Amino acid sequence: MSIKTRGLFLLGILAIGAPALLIRRGHASDHADTPNIAANPGEDISDVYMFPSTKNPNNIVLVMNVHPLIGAGMGPTTYFDPNVLYQMKIDNTGDGVEDLVIQARFGAPGPNQTVKIVGPVHPSTTGSTNVAEKFTGTPGKYNTSFSPQPGMTAFCGPREDPFFFDLDQFFTIFPDRATPLNGVAVSNPNVPQATTFRPAPGPGVVNPAQDFLSVHQFNVLSIVIELPKSMLLK
């Protein structure tokens, strides 16, 4: 997926198991879609965002949310996986190949977990082979805003999941999709039981859509980076 904004492409968002410097394996998912990714939540990417800063028109904000479905009250005690290399790949020439990479690496889990943000730098390799680039900035701490380098701010910690999804209606439309969770097989798995999602909540709306993440107070771990747009065009 690529997101275009003022000539920039967020080409790749990767959570990659990193047992060694040279990495050849990548995983991406959306809210525990598979048994494997559910068993490795640190590698599970729920959503990504790219938008202009609300405080500085010359800045842009990049967000990667990982480790979804953190229960209410568990956010402050859920930490980033130190064996995972998180990457944002930026294409600023439009050729579908990353020109810059921003990486996030984490220390041992705990309230004092260290955070290292690398980049944006020109990657040592491109494509599916990835390298943990050299760290030269200022390290930060879990759940605390910091400045990895001049002009850049970062935050890595728990936040409410902003993703909105009417899961109940989804299971009405595709009832068989609930079977892996509840074990209840349906007799007509290929026949949708509804044709549309429910309307957004509002005055006079009857039976509106309901966000299952908010209802159950689920959280995520967020990697948030604000930096000048010029840093992504170099």
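The exercises below work through a predicted model of a protein chain, each with a solution in steps.

**Exercise 1. Describe the overall make-up of the protein chain: its secondary structure, its burial, its contacts and its exposed surface.**

Solution. Begin with the secondary structure, which comes to four helices and twelve strands. Next take burial: of the 234 residues in the protein chain, 45% are buried. Then turn to the contacts between residues at least 6 apart in sequence, of which 61% join residues at least 24 apart. Finally, consider the surface, where the chain exposes about 12000 Å² and carbon and sulfur atoms supply 57% of that area.

**Exercise 2. Classify the aromatic pair formed by Phe80 and Tyr86, and state whether each of these two residues is buried or exposed.**

Solution. The structure holds seven aromatic pairs. One of them joins Phe80 and Tyr86, with 6.1 Å centre to centre and 80° between the planes. The centres must lie within 6.5 Å for rings to pair, and planes over 60 degrees apart count as edge-to-face, so the pair formed by Phe80 and Tyr86 is edge-to-face. For the burial step, the cut-off is under 20% relative accessible area. Phe80 has a relative accessible area of 1% and is therefore buried, and Tyr86, with a relative accessible area of 1%, is buried as well. To place the pair in its setting, note that Phe80 and Tyr86 belong to one aromatic cluster together with Tyr79, Phe106 and Tyr142.

**Exercise 3. Determine how strand β7 is paired and how far it is covered.**

Solution. Strand β7 spans residues 100-106, and six of its seven residues are buried, which leaves the strand mostly covered. On the side of β6 (residues 84-91), the two strands run antiparallel and are joined by five bridges, with Lys89 standing opposite Val101 in β7. The pairing of β7 with β8 is likewise in the antiparallel sense, over five bridges, and here Ala104 stands opposite Ile117 in β8.

**Exercise 4. Locate the backbone features at Pro120, His67 and Asn143, and give the burial of His67 and Asn143.**

Solution. Start with the peptide bond between Gly119 and Pro120, which is cis, with omega about 10°; Pro120 lies in strand β8 (residues 114-121). Move next to His67, a residue other than glycine whose phi is positive, near 55°. His67 is found in strand β5 (residues 59-70) and counts as buried because its relative accessibility is 16%. Asn143 also has a positive phi, near 65°, in a residue other than glycine, but its place is in the loop between β10 (140-141) and β11 (153-160). With a relative accessible area of 35%, Asn143 is partly exposed.

**Exercise 5. Report how many cavities of 30 Å³ or more a search of the whole structure finds, and describe the lining of the largest cavity.**

Solution. The search finds one cavity of 30 Å³ or more, and about 40 Å³ of space lies in the largest cavity. The residues that line this cavity include Gln87, Lys89, Glu98, Val101, Gln103, Pro123 and Thr125, and further along the chain Thr129, Asn130, Val131 and Glu133 are also among them. Sorting the lining by strand shows that β6, β7 and β9 (130-131) each supply at least two residues. As a last step, connect this with Exercise 3: Lys89 and Val101, both in the lining, are the residues that stand opposite one another in the pairing of β6 and β7.

Conventions: Residues numbered from 1 in each chain as written. Predicted model: local features only at pLDDT ≥ 70, side-chain atom pairs only at ≥ 80, totals over all residues. Heavy atoms only, no water. Phe/Tyr/Trp six-rings, centres within 6.5 Å; stacked < 30°, edge-to-face > 60°. Buried < 20%, exposed > 50% of the residue type's maximum accessible area, 1.4 Å probe, protein only. Contact = heavy atoms within 4.5 Å. Areas by Shrake-Rupley, 256 points an atom, 1.4 Å probe, with all protein chains shown as cover. Pairing = 2+ DSSP bridges. 1 Å grid on protein atoms, 1.4 Å probe; cavity = no way out; pocket = protein on both sides within 12 Å on 5 of 7 lines; lining within 4 Å. Points joined across faces, edges and corners; volume = space filled by probe spheres on them.
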